[in-house]
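Hi everyone, thanks for making the time. I'd like to walk you through one structure, going from the overall picture to the empty spaces inside. Please have a look at it before I start.

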Amino acid sequence: MDNLKKVETYFQEDHLFKEKIATLRNLAHKTEATETFKWHAPVYTVNNKNVFWIARFKNHFGLGFFNGVLLSDPKRVLENAQKGKTLAMRHWKFTKNDEIDEEGVLDYMKEALENQKKGIDAKALRK
């Protein structure tokens, strides 16, 4: 199955957060990101570089940023993906009762894409 079919299947599968992750996908489609499928989830790229992903879990769903540590995070919503293991990844987690701040989410997506286009990368933090 090609990546686009995998993406479609991911969003069509019945799940507690089906409608909510569809909202995140619709927002991603308002950006210049390219949609693909990696690591069992939809991943959004620019210039063939991973920028963010959408994921669903048993008790929450979310939006992850590969270089999230470099985002301005004005809403103070980003969490370290795996404390002690990841340096740069950050997640914006939602629960079933959360309302998605569509404007805010779109701003975060766009900032992440712009950072990647400018070459702003967390690799510099390791030096």
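What radius of gyration would a compact globule with 127 residues have, and what does the chain have? For that length the rule gives a value near 14 Å, and the chain has 14 Å, so the two agree. Before I go on, please keep in mind that this is a predicted model.

Let me stay with the whole chain for a moment. Along the principal axes, the C-alpha atoms fill a box of roughly 45 × 30 × 30 Å. Buried residues make up 45% of the 127. The accessible surface comes to about 7700 Å², and 46% of that belongs to carbon and sulfur atoms. If you look at contacts with a separation of 6 or more, 58% of them are between residues 24 or more positions apart.

Now the secondary structure. There are 3 helices and 6 strands in the chain. Reading from the N terminus, the order is α-α-β-β-β-β-β-β-α. Keep that order in mind, as some of these elements come back when we get to the cavities.

Two loops deserve a quick stop for the backbone. The loop between strand 1 (34-38) and strand 2 (41-46) holds W39. This tryptophan has a positive phi of about 55 degrees, although it is not a glycine. Is W39 buried or exposed? Its relative accessibility is 59%, and the cut-off for exposed is over 50%, so W39 counts as exposed.

A little further along, N48 sits in the loop between strand 2 and strand 3. N48 is not a glycine either, and its phi is positive at about 65 degrees. With 74% relative accessibility, N48 counts as exposed.

On to the open space. The largest pocket has a volume of about 270 Å³. It is lined by 13 residues, and those closest to its centre are N50, F66, N67, D121 and K123. What is the chemical make-up of this lining? It divides into 5 nonpolar, 4 polar and 4 charged residues.

And the closed space? How many cavities of 30 Å³ or more are there? The count comes to 2.

The largest cavity has a volume of about 70 Å³. Its lining includes N50, F66 and N67, names you have just heard among the residues closest to the centre of the largest pocket. Others in the cavity lining are V51, F65, G68, L71, A112, N115, Q116 and I120. Which elements supply at least two residues each to this lining? They are strand 3 (49-56) and helix 3 (102-118), with helix 3 giving the largest share, 3 residues. By class, there are 6 nonpolar and 5 polar residues here, and no charged ones.

The second largest cavity holds about 40 Å³ of space. Around it you find W53, A55, F57, H60, G62, L63, G64, H91 and K93. Strand 3 turns up again, together with strand 4 (61-65) and strand 6 (90-94), each supplying at least two lining residues. The largest share, 3 residues, comes from strand 4. This lining divides into 4 nonpolar, 4 polar and 1 charged.

So, to leave you with one thread to follow on the screen: strand 3 supplies at least two residues to the lining of the largest cavity, and at least two to the lining of the second largest cavity. Thanks for listening!

Definitions and conventions. Residues numbered from 1 in each chain as written. Predicted model: local features only at pLDDT ≥ 70, side-chain atom pairs only at ≥ 80, totals over all residues. Heavy atoms only, no water. 1 Å grid on protein atoms, 1.4 Å probe; cavity = no way out; pocket = protein on both sides within 12 Å on 5 of 7 lines; lining within 4 Å. Points joined across faces, edges and corners; volume = space filled by probe spheres on them. Nonpolar A, V, L, I, M, F, W, Y, C, P; charged D, E, K, R; others polar. Helix = DSSP H or I, 4+ residues; strand = E, 2+ residues; numbered from the N terminus. Buried < 20%, exposed > 50% of the residue type's maximum accessible area, 1.4 Å probe, protein only. Rg over C-alpha atoms; globule rule 2.2 N^0.38 Å. Contact = heavy atoms within 4.5 Å. Areas by Shrake-Rupley, 256 points an atom, 1.4 Å probe, with all protein chains shown as cover.
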